Every structure is written in structure tokens, then in C-alpha cells.
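Visitor: I'm new to this, so could you walk me through how strands get matched up in a structure?
Guide: Sure, let's take a look together.

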Amino acid sequence: GRIWSVAFSPDSTVLASRSKDKTIKLWNTNNYQCLQTLKGHTDEVWSIVFSPKQLKLASSSNDKTVRIWNLETKERLILKQHTQQVQSVAFNFDGTKLASGSEDKTIRIWDINNGKCEQILEGHTGRVWSVAFHPHNLTLVSSSDDHTIRVWDINNGKCLNILKGHSGRIWSVAFSPSGNKLASGSGDETVKIWNTTTWDLLKSLYENNHRVRCVAFSPDES
């Protein structure tokens with residue numbers, strides 16, 4: 001099947017890929033041999049991400065579940081509270097929390113040890129396409145079909161800010177390594193860069209006739 005997403009382990013020795021056949025494959029980055037195939041999702045897998053601290057992988061799917069795979073013990077947790085397909089998952093900086101964004105317009109925060117939902121963040125009026133944690137604290141951002149980005153404080157579950165400026169669905173959000181900037185990519189054919197202290201718009205980058213489905217910063221943030 002088609003490859004839709006890839007993720008490197010923190011030590012870069014393992015590459016995970018998801019495809020349309022409902023599985024996740026793990027590859028040795030030295031020789032690119034397949035180490036393992038993770039099976040369990042009953043529909044297409046959307047998003048995969050490694051924990052920054054532990055040998056765990058999280059995945060989200062059209063089957064309305066999030067799964068946390070322990071790659072050492074082979075155990076897995078199945079998180080089932082979303083009512084529609086789950087587009088995106090993200091670990092926080094120390095790997096203790098997992099966020100998921102769904103077509104059901106909510107973001108859920110999970111305890112990765114027992115799989116329990118700790119918080120439900122509501123406010124978006126459209127599908128949540130992307131979630132991203134700040135690299136150094138418990139600030140979370142989410143992007144949506146509703147053309148907005150929401151900024152959340154996971155300490156109390158409150159929405160701190162709503163960023164407006166895109167004129168189309170926002171497919172992807174990503175923090176810079178320092179956490180000082182946020183990038184967003186949209187169906188309006190722009191990438192926008194935001195100051196994460198003031199949440200002011202710093203600049204807009206324009207694509208010509210191309211929707212921007214994914215954004216990422218270089219390590220030096222250039």
C-alpha cells in the first residue's frame with residue numbers, strides 16, 4: 001500500500017512507516033531490513049510518532065482508536081474514546097502524555113501508562129488535523145478544518161489563544177526546536193510562522209497552487 005507517514009526513533013536507529021494496508025513497519029536504519037510489522041488497527045493508519053524518552057510508538061487510525069505500542073515488551077494499549085477517525089498523535093517533551101486530534105472535533109490527553117483519558121479539549125468547530133506539544137513545556141497547539149489554531153495549557157485544560165489568519169483548513173502545525181516559533185501549513189497554499197511568546201504572526205510563505213500538508217523546522221530553525 002501507499003506510504004503515508006514516517007517517523008524516526010529518538011536514537012535514529014529505527015524508522016517506522018505506515019501504509020494503507022493498516023500496518024506499521026519498523027526498519028533498521030543501518031541496513032533497512034524490516035524488523036517488525038505492527039498489526040492491530042482495523043482501518044487505515046493516519047499518524048505515527050515515537051516517544052522521546054521510551055521505546056514506545058503511538059499511532060492513530062480511521063478505526064477511531066489510538067494505540068500505544070511498547071516495542072520492548074510487545075504490549076500495546078488500545079485507546080477507544082474518540083467517536084470518529086483520529087488524524088494525529090503527539091507525545092509531550094518527556095513522553096509522559098499523549099495528545100490525539102480527531103474528526104470528532106476534540107483533542108484528548110492520555111496517560112500513556114494505563115491508557116486512561118485525562119482531559120478532553122473542546123472548542124474547534126471542525127475536524128482536528130494536527131496536534132503538537134511545545135518542546136519544553138505543557139503547551140499544546142491544535143489545527144483544524146475551522147481555519148484556526150488553538151493554543152492549550154495542559155496543566156488546566158484551558159484554551160490560551162486562538163490564532164486566525166489562514167483561509168483554509170490547517171493540515172499541520174510544528175514547533176521549532178527552541179519552541180520560540182510555530183509553523184502552520186494550510187489548504188490556502190500558505191505556511192505561516194508565529195511568535196510563540198506573543199502569538200503574533202511573523203510571516204507568511206506562499207506556495208503556488210499547492211496545498212501545504214506538512215511543515216517542519218530545520219534543527220537550526222533557519
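Guide: Let's start with one matched couple in this predicted model: V66 has L79, in β8, as its bridge partner.

Visitor: What makes β7 and β8 a pair?
Guide: Pairing takes at least two bridges between two strands. Strand β7 (residues 66-70) and strand β8 (residues 76-79) are joined by 4 bridges, so they count as a pair. They run antiparallel, too.

Visitor: And what lies between β7 and β8 in the hairpin?
Guide: There are 5 residues between them, and K74 in that turn has a positive phi of about 70°.

Visitor: How do you know that β13 and β14 pair?
Guide: Same test: at least two bridges are needed. β13 and strand β14 (residues 139-144) have 5 bridges, so they pass, in the antiparallel sense. One example is S130, whose bridge partner in β14 is S143.

Visitor: Which order do the strands take in the open sheet with β13?
Guide: The order is β13-β14-β15-β16, with antiparallel pairing.

Visitor: Why are β13 and β16 called edge strands there?
Guide: β13 (128-133) and β16 (158-164) each have a single partner strand, so one side of each has no neighbour in the sheet. From one strand to the next, the twist averages 20°.

Visitor: What about the open sheet with β9?
Guide: That one has 4 strands in the order β9-β10-β11-β12, paired antiparallel. Its edge strands are β9 (86-91) and β12 (117-121), each pairing on one side only.

Visitor: How do you know that β11 pairs with β12?
Guide: Strand β11 (residues 107-111) and β12 share 4 bridges, and at least two are required, so they pair. R108, for instance, has I120 in β12 as its bridge partner.

Notes
Residues are numbered from 1 along each chain as its sequence is written. This is a predicted model: local features need pLDDT of at least 70, side-chain atom pairs count only at pLDDT 80 or more; totals for chains, interfaces and linings use all residues. Side-chain values use heavy atoms; hydrogens and water are left out. Axes are lines fitted to C-alpha atoms, for helices over the stretch in contact, and angles run from 0 to 180 degrees between N-to-C directions.
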